[in-house]
Amino acid sequence: MSDALGIALVGCGTVGGGVAEVLLRHRERLAQRAGRPLQLRHIVVRHLHKPREPFIPRELLTTDFYGVVLQDPNVHVVVELVGGTTVAREFVLAALAAGKHVVTANKALLAEAGPEIFEAARRAERTVCFEAAVAGGIPIIRALGESLAANQITAIQGILNGTSNYILTAMAERGLPYEEALREAQQHGYAEADPTLDVDGSDAAHKLAILAQIAFGVIARPADITRQGIDQLHPMDIRFAHELGYTIKLLAEAWTRNTTPPEGPRGVALHVAPVLLRHTDLLAQVRGAHNAIAVYGDIVGETLYQGPGAGRGPTASSVLADLIDLAVGRAQRTFAVARLWSNTDRGFVLDPPEQVHSRFYLRLLVADKPGVLADIARILAQHTISISSVVQHEAPENGGQLVPLVIVTHYAATGYFLDAVTQINRLSTVAAPAVYYSMGD
Ligand code: HSE
């Protein structure tokens with residue numbers, strides 16, 4: 001087996017177990033696709049004696065990453081599947097320094113420590129592969145980095161968090177309360193160890209930062225990406241959206257500025273937020289834990305990628321693709337050319353999202369009395385924001401009570417819209433802070 005690619009797995013949870021299972025059960029298929037055997041040599045775990053799936057050979061288990069894995073000259077690749085950004089970072093940097101390639105599914109780590117990790121990889125002349133870090137089983141990293149390489153990407157719109165999409169689908173289609181839908185997503189193994197990262201938009205922001213690095217060369221730290229999750233989403237807004245013909249999806253978006261300035265870099269705005277999409281929009285029809293990404297390229301036009309975005313099998317599928325690419329030697333060649341997370345200037349800078357134009361859904365809780373709608377309309381008009389539709393359900397005749405009022409605007413600059421919302425919130429007839437979401441075309 002001297003020709004084999006030696007592999008050490010670090011972490012044997014949902015995804016680690018899946019990767020081990022494929023490596024052990026599909027040896028021949030993998031060897032044939034890779035041109036050489038993929039040999040699983042060690043599995044690093046925290047507890048040696050914890051019950052494991054029956055196919056995991058006990059003799060492969062170790063708790064000693066530094067003493068066993070890094071000292072084994074026949075380990076060529078470390079697959080990091082522990083998650084988090086502290087221990088995982090140390091393992092990845094140590095693996096690279098010891099001359100091992102790294103495969104990781106850790107989007108938080110890449111988003112937070114990308115420059116450090118990729119610089120360490122270049123120094124060690126080793127490769128970092130991360131197909132599994134974004135959108136689970138969808139080969140979006142290869143699509144952006146290789147298949148669309150001749151294009152300048154102009155926009156990306158993605159459903160990048162399977163847990164949030166599962167929750168939104170369960171709330172909209174089955175009327176499930178938020179907590180119950182989240183529990184189901186956790187039971188299916190879609191959620192992060194800390195599910196706050198899924199539902200507050202952080203996980204999607206990490207993935208967007210990775211896509212933005214490949215598509216635009218910008219180094220976006222998590223703090224650079226404005227984000228809003230689905231944890232504050234009210235079922236009332238799902239219902240109003242439905243009534244208006246829309247579905248709410250948590251979208252991670254990257255928009256390049258439409259007008260290219262005569263000189264200087266182009267701006268790209270990155271943000272994550274719930275967005276109202278028309279029921280007919282293909283992204284609106286992506287259900288459950290599935291992810292989807294629409295990518296706009298200047299040569300190809302619009303392409304759409306859809307598939308399972310979380311869970312054992314899909315993530316393992318992407319990890320295995322990286323291992324095969326390393327065994328073949330493809331990954332090393334692409335990695336050397338791509339110079340990811342270096343400061344290579346590709347002509348883009350991060351734009352504040354206030355510059356993005358959108359239509360908006362605005363829900364207010366207002367006193368049901370004369371002049372209220374007129375006051376709100378006046379503020380919108382003063383900000384040159386035109387109203388496209390208004391929904392207020394008939395209230396009892398005694399008047400004066402609080403009622404929800406939904407306004408849909410025409411296109412407006414986000415900055416102007418936010419100024420208008422600040423003024424609307426100050427009206428004495430507006431009883432609660434405005435709730436607003438942007439809307440697809
Ligand atoms: N927690 C992630 C999700 C898993 O729900 O999409 C894959 O990154």
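This tour moves through two helix pairs and one strand residue, suggesting at each stop what to select and what is found there. Keep in mind throughout that the model is predicted.

**First stop: helices α7 and α8**

Begin by selecting residues 162-174, which form helix α7, together with residues 178-187, which form helix α8; the two pack at an angle of about 130°, and their axes lie 9 Å apart. Angles over 145 degrees would count as roughly antiparallel and those from 65 to 115 as roughly perpendicular, and α7 and α8 are therefore oblique to each other. The crossing in which α7 passes α8 is right-handed. To display the contact itself, show T163, Y166, I167, A170, M171 and R174 on the α7 side, and Y178, A181, L182, E184 and A185 on the α8 side. Colouring these residues of the contact by class gives eight nonpolar, one polar and two charged.

**Second stop: the two sides of α8**

Now keep α8 alone and look along its axis. Which residues of α8 are buried? They are Y178, A181, L182, E184 and A185, and, seen down the axis, these buried residues fall within an arc of 160°, so they line one face of the helix. Bringing the surroundings back into view, one finds that the buried residues of α8 pack against α7 and also against α9, residues 196-199. Turning to the face of α8 that points away from its buried side, select E179 and Q187, which are exposed. Just beyond the end of α8, G189 is worth selecting for its backbone, since its phi is positive, at about 80°.

**Third stop: helices α2 and α12**

Next select residues 27-34 for helix α2 and residues 312-328 for helix α12, whose axes come within 9 Å and cross at roughly 45°. That angle makes α2 oblique to α12, and α2 passes α12 in a right-handed crossing. The residues to show here are L30, R33 and A34 from α2, with L320, I324, A327 and V328 from α12, which together make the contact. By class, this contact of α2 with α12 comprises six nonpolar residues, no polar ones and one charged.

**Last stop: A294 in strand β11**

Finally, select A294, which sits in strand β11, residues 290-297. Is A294 buried or exposed? Its relative accessibility is 1%, so A294 counts as buried. Leaving aside neighbours within four places in sequence, the residues in contact with A294 are A155, I156, Q157, E302, T303 and L304. A distance label drawn from the C-alpha of A294 to that of L283 should read 8.0 Å, for a pair that is 11 residues apart in sequence.

How values were computed. Residues numbered from 1 in each chain as written. Predicted model: local features only at pLDDT ≥ 70, side-chain atom pairs only at ≥ 80, totals over all residues. Heavy atoms only, no water. Axes fitted to C-alpha atoms, helices over the stretch in contact; angles between N-to-C directions. Helix = DSSP H or I, 4+ residues; strand = E, 2+ residues; numbered from the N terminus. Parallel < 35°, antiparallel > 145°, perpendicular 65-115°, else oblique. Left-handed = near helix turned anticlockwise from the far one by under 90°. Contact = heavy atoms within 4.5 Å. Nonpolar A, V, L, I, M, F, W, Y, C, P; charged D, E, K, R; others polar. Buried < 20%, exposed > 50% of the residue type's maximum accessible area, 1.4 Å probe, protein only. Arc of directions from axis to C-beta.
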